Amino acid sequence: MARVFITGASSDIGMAVCHLYLSRGYTVVGHYHRGHGAFFDLVEKTDKMTALQIDLSESSNLERALTDQPAMFAATDVLINGAAVLDPAPFAGISAERVLRAMTVNVVPALVLMQTIAPAM
């Protein structure tokens, strides 16, 4: 059975992606930072979905999850990087700290997950 790992699975878009892959028969690992009722209801409703909580704002959290829970990342056929932070502001008002936070959550985990998962694909 094919398996998909989705970061940001508890967002509206992430939930739609989860539903799509579940409807196509995939097993889903849904990453979330702060989940909500509808996300947890979906996880409870099917035996084909597992939820994985990781705060991606600190890279050490992902590294720890990769070490402590390798089965969550193993045998992944599809990786969807949907986790992101959005802190809209006028371009001239964006601080280096805000850019760094966005890169830490939006880019670094995607690269680390690709490095981890892709070799087994």
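Trainee: Which backbone atom lies 3.0 Å from a polar atom of the side chain of H31?

Mentor: Good place to start, keeping in mind that this is a predicted model. The atom is the backbone nitrogen of G8. H31 itself belongs to strand 2.

Trainee: Is H31 buried or exposed?

Mentor: H31 is buried, since its relative accessible area is 3% and the cut-off for buried is under 20%.

Trainee: And which residues is H31 in contact with, leaving aside its neighbours within four places in sequence?

Mentor: The list includes the run F5, I6, T7, G8, A9 and S10. L52, I54, L56 and A83 are also in contact with H31.

Trainee: How do I read the sheet that strand 2 sits in?

Mentor: The general idea is that strands of a sheet pair through backbone hydrogen bonds, either parallel or antiparallel. Here, four strands make an open sheet in the order 3-2-1-4, and the pairing is parallel. Strand 3 (49-53) and strand 4 are the edge strands, each pairing on one side only. From one strand to the next, the twist averages 15°.

Trainee: How many bridges join strand 2 to strand 3?

Mentor: Five, and these two strands run parallel. To find your place in the pair, look at V29, which stands opposite T50 in strand 3.

Trainee: Which helices should I look for against the sheet?

Mentor: Helix 2 (residues 37-45) lies across strand 2 and strand 3, at about 140° to strand 3. Helix 5 (residues 108-117) also packs on the sheet, where it touches strand 1 (3-7) and strand 4. The direction of helix 5 makes about 175° with that of strand 4.

Trainee: How do I describe one helix packed on another?

Mentor: Two packed helices are described by the angle between their axes and the distance between the axes. In this model, helix 1 (residues 12-23) packs with helix 2 at an angle of about 15°, and their axes are 11 Å apart. Helix 1 is therefore roughly parallel to helix 2. Their crossing is left-handed. On the helix 1 side you will find M15, C18, H19 and L22, which meet A38, F39 and L42 in helix 2.

Trainee: One last residue: where does T76 lie?

Mentor: T76 is in the loop between helix 3 (59-68) and strand 4 (78-81). T76 is buried, with a relative accessible area of 3%. The T76 side chain reaches the backbone oxygen of F73 at 3.0 Å. Setting aside neighbours within four places in sequence, T76 is in contact with R3, F5, I117 and M121.

Terms used: Residues numbered from 1 in each chain as written. Predicted model: local features only at pLDDT ≥ 70, side-chain atom pairs only at ≥ 80, totals over all residues. Heavy atoms only, no water. Buried < 20%, exposed > 50% of the residue type's maximum accessible area, 1.4 Å probe, protein only. Polar contact = N/O pair within 3.5 Å; in protein donor to acceptor, adjacent residues only side chain to side chain. Contact = heavy atoms within 4.5 Å. Pairing = 2+ DSSP bridges. Axes fitted to C-alpha atoms, helices over the stretch in contact; angles between N-to-C directions. Parallel < 35°, antiparallel > 145°, perpendicular 65-115°, else oblique. Left-handed = near helix turned anticlockwise from the far one by under 90°.
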